[in-house]
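Here's a quick briefing to read with the model open beside you. Take it topic by topic and find each spot as you go.

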Amino acid sequence: MKLWGGRFTKPTNQLVEEYTASIGFDQLLVEEDIRGSLAHVKMLGASGILSPDEMEIISNGLTTIRDRVRAGEVEFSVSLEDIHMNIEQLLIEEVGPVGGKLHTGRSRNDQVALDMHLYVRARTLEMIQGLLAVQKALVMQAEAHVDTLLPGYTHLQRAQPVRLAHHLLAYAEMFGRDVERFMDSYKRVNMMPLGAGAIAGTPFPIDREQVAAELEFDRLYENSMDAVSDRDYLVEFLANASLVMVHLSRLSEELILWSSEEFGYVELDDAFCTGSSMMPQKKNPDVPELIRGKTGRVMGHWVALLTTLKALPLTYNKDMQEDKEGVFDTVATLSGALALTAPMLEGMNVKTDRMRQHAEEGFAAATDVADYLAAKGVPFREAHAVVGRLVLHCIQEGETLSGLSLDAYRKFHPAFEADIHQRIHVEAVADARDVRGGTARNRVLSALKQKKEQLDET
Ligand code: ARG
């Protein structure tokens, strides 16, 4: 007999039962569901809707079920559809018909909303912790590599030399904004829907404020119809998670490139790589590749939920059951990626000589040759053209900017003087960017200090 079987004359078709059931995945909400029910029944008792005895019997029953679930003693049933009805049925078996009073003044529509709010609230804080750990790992490597220079790239072509610390701190900034985004959306996660009933509220004299306080929610949903049909907070969670994954994926992509023989900038720790079943020499960066690869599915979950919601009429529709698997999978995928990225960064071995060699060779100092002329009063546009011809000359003659003699420089412009060589030294080029946010040593040191203070505060 179904909990809702009264109105029906036939048993549910077997396929329908399986098709509509969510217990296969929403059993992940078991802790949240019981926690929410405990708060609800406490309020029912305090409001006089249930007697003190009834309240106590139901509360104890719920706690017993929770213990049995934790001990792995409970098997959920598909014919009971979802976690909510499974727990309710277990309760009735545990304490008898009085267990049927738990659902007074409540619907599964506000119950499932409550469970998801509790779930996403806790997971949001976990994602923030993971993001802080990744930032700490970046800061740790940045501290070790203030004086490691490498080419910065645009269009994946060597552009200007930068300090490795500067490059790594760029990612720390991204993950810092990700934390801000989760903290901002937390305000909309931390809202209490219970009391909305199925759609319009409940005639029982419930105390929503008490439930909210018991479950440490900051505020209540002010409209019952909104409370049972709002999934915005899940869309936001998925959007935030997608962006974190995109940031992790860009970082992963660089680690993959950098650990190729062609770049040779880093070597990932053996413990974070895998081999080939055929080619004995291979050491593959599977972890960053998988992070990059799994980014697509998180983005997919975000789009899928938006698509599910886009034409739904108010209020609850069964379509909404589709909100869960994408969120659960996103939590697993993102927390896995965060948990691996931090130690992978910490254990990464940086090939500083190779980076420096690439920063020195090539034409990463070309902008500075032009800036040098501009500082001597040559219009920048003209200086740019002069240095363009200089670079072309070097390419044709197999020369470098630092290898050219002063005489050779002067053939291109008379304003060149003896100090040109020191001005295009790789450190000098980096340190010339002495602007807030720039790659000059003192600027990088203060950015590092600021980031560390910020991380210590959070
Ligand atoms: N399993 C359902 C879900 O996840 C719970 C809410 C069901 N409510 C209903 N009226 N069928 O959305």
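Helices (H or I, at least four residues) and strands (E, at least two) are DSSP runs, numbered from the N terminus. Keep in mind that this is a predicted model, where local features need pLDDT of at least 70, side-chain atom pairs count only at pLDDT 80 or more, and totals for chains, interfaces and linings use all residues. Residue numbers start from 1 along each chain, as its sequence is written.

**Around the ligand**

- Helix α6 (residues 108-144) gives the most to the shell around the ligand, chipping in 3 residues.
- The full list around the ligand reads S22, D26, D82, R108, N109, V112, Y316, K318, M320 and Q321; a residue makes the list if its C-beta atom, placed from the backbone, lies within 6 Å of the molecule.
- Sorted by class, that shell has 3 nonpolar, 3 polar and 4 charged residues. Here Ala, Val, Leu, Ile, Met, Phe, Trp, Tyr, Cys and Pro count as nonpolar, Asp, Glu, Lys and Arg as charged, and the others, Gly among them, as polar.
- Where does the ligand's shell lie? It lies between domain 1 (5-104) and domain 2 (109-357), because both give residues to it. The domain bounds come from an automatic or database domain assignment.

**Two helices that pack**

- Two packed helices are described by the angle between their axes and the distance between the axes.
- For helix α3 (residues 30-46) and α6, the angle is about 115° and the axes are 9 Å apart. Axes are lines fitted to C-alpha atoms, for helices over the stretch in contact, and angles run from 0 to 180 degrees between N-to-C directions.
- On the α3 side, E32, D33, R35 and G36 make the contact, and on the α6 side it's Q111, L114, D115, L118 and Y119; contact means C-beta atoms, placed from the backbone, within 7 Å.
- Those contact residues of α3 and α6 split into 3 nonpolar, 2 polar and 4 charged.

**Backbone oddities**

- Most residues other than glycine have a negative phi, and most peptide bonds are trans.
- H155 isn't a glycine, yet its phi is positive, at about 55°. L156 isn't one either, and its phi is positive too, at about 60°.
- H155 sits in the loop between β1 (149-154) and β2 (157-163), and L156 is in the loop between β1 and β2 as well.
- Is H155 buried or exposed? It counts as exposed because it has 6 C-beta neighbours inside 10 Å. The cut-offs, counting other C-beta atoms within 10 Å, are 20 or more for buried, 12 or fewer for exposed, and partly exposed in between, with C-beta atoms placed from the backbone.
- L156 has 7 such neighbours inside 10 Å, so it counts as exposed.
- The peptide bond from L314 to T315 is cis, with omega near 0°. You'll find T315 in the loop between α11 (286-309) and α12 (323-346).

Key:
Two residues are in contact if their C-beta atoms, placed from the backbone, lie within 7 Å.
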